[in-house]
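Q: Hi! I'm new to reading protein structures and would like to go through one with you. Could you show it to me?

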Amino acid sequence: MARRTRALAPPAPPASMALALSILCALLLSGSLPPASAKHSPNKSPAEAPAPPATADVPIAEPSPSTTPAVKGPKRRGQGRGPNAPAGPGGGQAAGPEAPAVGAGKPERGTKTRSAGSRADKRRARKNAEEPGELTTSEAGQTPASVVGQAQAQSGAKSRRERERERERRRRERHGEGPRESRKEREAREAREHEEAARPPVPQAVAAAVAPGSPPAVTTPPTQTAGSPLPKIVGEHAARSTGAHRAVRVRSGAGVVRSSVAPVAVTVPAALPAASQSNAPRRHVAAHKPARRTGAGAQLVKTVTRIIGVVPPLLWLLVGVLGLLAAAFAVSSRMAARRAGALARQRQALLEDVGLMQAALLPELPARLGPVATTAAYRPASGPAAGGDFYDVFGLADGQLAVIVGDVSGHGREALPHTTLLRFTLRAYMEAGLAPRESLRAAAPILQRQLGGSFATVVLAVYNPRERTLTYACAGHPHPLLTGLPADAPITACSAPPIGADRTTGTRQTVVSIPGAAVVCFYTDGVIEARVDEGLFGVERLAGSLGAISETATAGSLLDRVSAEAQRRPDDMAACLLRIEGGSERPAIMTEELELDHAELGRRRVRRFLTAAGLGELEIEQTLDSARRMAEAHGSALLNLRLGDGPPEVSVTHDNVAPLRVRSIARSQEVAL
Amino acid sequence: MQAVRDNQTDLSGTIAFVIGQREIAHDTSVISVEGDLDLASAPDLKWALGDMQAAGARHVVVDLSRVTFIDSTALGVLVGAQRALDPGIRLAIACSDENVLRIFELTGLDCMFEIVPTLEQALEFVHGSTTAAG
């Protein structure tokens, strides 16, 4: 059963729209971020390179690309100062050589001031403070006294400060950076850094965590300025550590401290990843460090952090709401799809039940009845039209064998009870000894009343093994197929109408002799109306299929063959095969019996019938004249044709079936006692 | 005044079934069918016939000239319509397609309907000009 309905319905339009909106928001926001690192890195000041550690101008890499000024926006400043060297009060920009050594976003810090110690220190301190603590500046919110702030206050004339700020602002504008962080924020950050820097365990962690990378770290700082080819990461670590320690230095106010902690600084880089990760305020550093190690990953993390940093919470709320909406719609549509799938499965199960019931109502047939091997098969329609076909094969007196195959119109549950009604009623008449045509004629009026508006086509047949003759009567039903005989095509004109069509039926009967071995195939119209590429399966194709398997043909194998070749089977298929053996070579004789009343005699189809039988024009006229006279005298005329060996013989007699009049049933008559 | 009742297209995009209904003259109606008349399209024919009966048409012609296939479901619809005709109402089928005629013949229903080759002949019949000759 395959999961026909497994394919989920696509998310409801609102859900997809919500999803699209969320993605659009995120893209717009990330797209608005300028690529800060690219601008910054090439602009390293060559003057930085030779700067001795004492000047604290060691080129120090930006903590991480993702913490470039643009992302930090409102809080950061000074990052841009590095690359924007021209405006820097201190000197030239760091040149390219440093950039590769220290990686993207190389510290503007390094390019800063050389000369004015206090101013440079101030700025450096600010930058140092900014790097690690930017993300958390807003969280800090406290306003402890800031060493840097004090330093600033002590720095000098207000005018000089203002000038610096002016330059800074200009630099920012040029690089699209956000406004400077406020003094309070800066102070808070620096206080935090002060705490961290004072923490002793770091070196111990360092000892444990010193990676093979540490030796390079040791040697890197001095060689960095020379543009060493060492990996950027190392340089970055060194820079960061140096920066951290520079902050420490600033706070302590002594240049000596720096040298004393230099060895520690050297080893710290390797451990910084571990240490930073454990320090909350430095978590962005930690995030950056691993990212640096892989280019693509670094880029991704950079972008993500940028996005996270710059998107206002309201927008995040909006994105979250849209995402929730999308999720809700997706869930509901998936549930609807599942429900639809369950319903479809239920429907299919019900249809299969109808087929099963129909099959259950069909009899088991004996494999042989005398010299005849019998098989029958039923295949319900593939769809809502299932139900309606029926068959039966049973023995009669004198070793004769009877066959009933029929098709009730209408489908499904309404057709099932009609199939059993027809089967048992007609069987009763045949077992009572009536010939096929007689059984039909007698039963049709009764059955019509019980069928309501439905009608049924049926073929009744009797095989006489002694005579080797097959006698059959069709009511709106296809003639049986015969193989192994030089069979004449059956005459299709003047076929009797179905039961329930409000017309007299059982008006025609055919007798075929079967001298030698043969297969007789009774079938329903669902077989020949199965759809194939060229249209309908058709009688010719069925005859071909039967001929192809005639040696071992069974009803089941024949229907399987038809099923395999057909694309669609909108109607039930039923088949019954008789395999007749033995016999001898004798000519096959066919006789036709046709009952005609006055109205029928006026129809054109009688002429077609006589023409198909092989009668000439003159004979046809004579026959019709004779039949009309008979009908006037007796109500109807019976044409008898004998075909086969020699010219056709026709005789006209009167109707030989005693009509069974159906008495009208009186409504609840009280029986008087 | 042609009212196209229904239009079914198969997967290839070509029209598979068209049924139309029109009034030729007072109380004479013609139902024209084109395409396959099978399980799927038979209900449309049934409704058209029911509508015509309800509208009080006394002369009904079912034009099957352009029908390519007809199955037992559609035959059942025609049989039902024929049986349900009030006395005095005449119904004729116009059809000249070999395959469709053969189906009527094989099922023996050609004795039940007046089937003539052309629409004109069908109109003549329902107006009583000719007697049954099928």
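A: Sure, and one definition first: a residue is buried when its relative accessible area is under 20%, exposed when it is over 50%, and partly exposed in between (1.4 Å probe, protein chains only). With that, D398(A) is exposed, at a relative accessible area of 56%.

Q: Okay, and how should I read the numbers and letters?

A: Residues are numbered from 1 along each chain as its sequence is written, while chains are lettered from A and ligands numbered from 1 in the order in which they are written. This is a predicted model, where local features need pLDDT of at least 70, side-chain atom pairs count only at pLDDT 80 or more, and totals for chains, interfaces and linings use all residues; side-chain values use heavy atoms, with hydrogens and water left out.

Q: Back to D398(A): where does it sit, and what is its phi?

A: D398(A) is in the loop between β3 (389–395) and β4 (401–408) of chain A. Its phi is positive, about 65°, although D398(A) is not a glycine. By the way, helices (H or I, at least four residues) and strands (E, at least two) are DSSP runs, numbered from the N terminus.

Q: And R468(A), is that one buried or exposed?

A: R468(A) is buried, with a relative accessible area of 12%. It is found in the loop between β5 (456–464) and β6 (469–475) of chain A. R468(A) also has a positive phi, near 60°, and is a residue other than glycine.

Q: Changing topic: how many salt bridges are there over all chains?

A: The count comes to 21 over all chains. A salt bridge here is a side-chain nitrogen of Lys or Arg within 4 Å of a carboxyl oxygen of Asp or Glu.

Q: Nice, can you show me one inside chain A?

A: R423(A) and D392(A) form one, at 3.2 Å from N to O. R423(A) lies in helix α17 (residues 415–431) and D392(A) in strand β3 of chain A, so the pair ties together parts that are 31 residues apart in sequence. Both R423(A) and D392(A) are buried.

Q: What about E431(A) and R427(A), how far apart are they in helix α17?

A: They are four residues apart in that helix of chain A, which means about one helical turn separates E431(A) and R427(A). Their side chains meet in a salt bridge of 2.7 Å, N to O. E431(A) is partly exposed at 45% relative accessibility, and R427(A) is partly exposed too, at 24%.

Q: Which residues of helix α23 of chain A are buried?

A: In α23 (residues 604–613), they are R605(A), V606(A), F609(A), L610(A) and A613(A). Seen down the helix axis, these buried residues fall within an arc of 145°, so they line one face of α23(A). The arc is that of the directions from the helix axis to the C-beta atoms.

Q: What does that face pack against?

A: The buried residues of α23(A) pack against several elements of chain A, including β8 (508–513), β13 (590–597) and α24 (617–634). Following α23(A) is G614(A), with a positive phi near 105°.

Q: Now chain B, please. What is it made of?

A: Chain B has four helices and six strands. From the N terminus on, they run β-β-β-α-β-α-β-α-β-α. Of its 134 residues, 51% count as buried.

Q: How many residues does each chain bring to the contact?

A: Chain B brings 24 residues and chain A brings 30, where contact means heavy atoms within 4.5 Å. The two chains bury about 2,200 Å² between them, 49% of it on carbon and sulfur atoms. Buried area is the accessible area (1.4 Å probe) that two parts lose on being put together, summed over both. In chain B, R83(B), E105(B) and C111(B) lose the most area to chain A, together 27% of what that side buries.

Q: Do salt bridges turn up there too, and how many?

A: The rule finds four across the interface of chain B and chain A. One of them joins E105(B) and R608(A), whose closest N and O atoms are 3.3 Å apart. Over in chain A, E600(A) and R603(A) form a salt bridge of 3.5 Å, N to O. Salt bridges that share partners join E600(A), R603(A), R605(A), R608(A), E105(B) and D110(B) into one network.
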